[in-house]
Amino acid sequence: MIRVLLAEDMHMVRGALVALLDLEPDLQVVAQAASGDEIVRLALEHAPDVAVIDVGLPGIDGLSAAAELRRRVPRCQVLILTSFGRPGSVRRAFAAKASGFVVKDAPPDQLADAIRRVAAGERVIDPKLAVAALEAVESPLRPRELEVLRRFAEGEDVEQIAEALFLSVGTVRNYLTGIVATLHARNRLHAVRIAQDAGWL
């Protein structure tokens, strides 16, 4: 029996996935998480073989949670689940030591098969996503700029970002202005959209 932790913030989607996976005779959903913050605690408590993690979780995002899970519970394999196949997300997933990447609109039997394969130590990724990841453009932003933009995208204001990163408010504003210019964006929100679409955030 393969023990599965499922992390998905949309209640109806999570319920449907649990129902589908529970129909498989060799899969058992032993824990469910609605946010990235719950994943490591639940994994330590329930010892799953595979964690199926949605990219867009509230709290800690899915890819950051995946990286933390691989550090804290290395025997648990990670399968990233997403409603979009952004190339940057694929690269980040493998950088986080995820074993697979599956899109949500894949047939249910494909998800079940992917869980079995990563549990057996294989890597699973749609070939089209793999090609797109290889062809994707690297981010022109430096790590600190990406951190500032990520926090802005998550709703933090300039003062909150400055406090969290031990920077002055003026420095954060300068970072954001530079990011907008580098990405040839119309404004900060457009810069966020450009970075998200490219999978840099």
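Let's start inside the sheet of this predicted model, at L5, whose bridge partner in strand β2 is A31. That pair belongs to a longer match: β1 and β2 run parallel to each other and are joined over six bridges. To get from β1 to β2, the chain passes through helix α1, and this β-α-β crossover is right-handed.

L5 has a second neighbour to look for. In β3, the residue standing opposite L5 is A51, and β1 and β3 are again paired in the parallel sense, here over four bridges. With β2 and β3 as its partners, how covered is β1? Five of its six residues are buried, leaving the strand mostly covered.

Now step back to the whole sheet. It is open and built from six strands, in the order β2-β1-β3-β4-β5-β6, with parallel pairing. At the edges you will find β2, residues 27-33, and β6, residues 124-125, each of which pairs on one side only. Further along the order, β4 (residues 77-82) meets β5 (residues 100-103) in another parallel pairing, over four bridges. If you would like a landmark there, take T82, whose bridge partner in β5 is V103.

Helices pack on this sheet too. Helix α1, residues 11-22, touches β1 (2-7), β2 and β4, and its direction makes about 160° with that of β2. Helix α3, residues 62-72, lies across β3 (50-54) and β4, and runs at about 175° to β4.

Let's finish with a helix further along the chain, α9, which covers residues 169-182. Its length is a nice check on its geometry: at 1.5 Å a residue, 14 residues should span 20 Å, and the C-alpha atoms at its ends are indeed 20 Å apart, so the two agree.

Which residues of α9 are buried? They are V172, Y175, L176, I179 and V180. Viewed down the helix axis, the buried residues of α9 fall within an arc of 135°, which means that they line one face of the helix. What do they pack against? Their partners are α7 (143-153), α8 (158-165) and α10 (188-197). Turn to the other side of α9 and you meet N174, T177 and A181, which are exposed. After α9 comes H184, a residue with a positive phi, near 55°.

Methods: Residues numbered from 1 in each chain as written. Predicted model: local features only at pLDDT ≥ 70, side-chain atom pairs only at ≥ 80, totals over all residues. Heavy atoms only, no water. Pairing = 2+ DSSP bridges. Helix = DSSP H or I, 4+ residues; strand = E, 2+ residues; numbered from the N terminus. Contact = heavy atoms within 4.5 Å. Axes fitted to C-alpha atoms, helices over the stretch in contact; angles between N-to-C directions. Buried < 20%, exposed > 50% of the residue type's maximum accessible area, 1.4 Å probe, protein only. Right-handed = clockwise from strand over helix to strand, strands pointing away. Expected span 1.5 Å × (residues − 1). Arc of directions from axis to C-beta.
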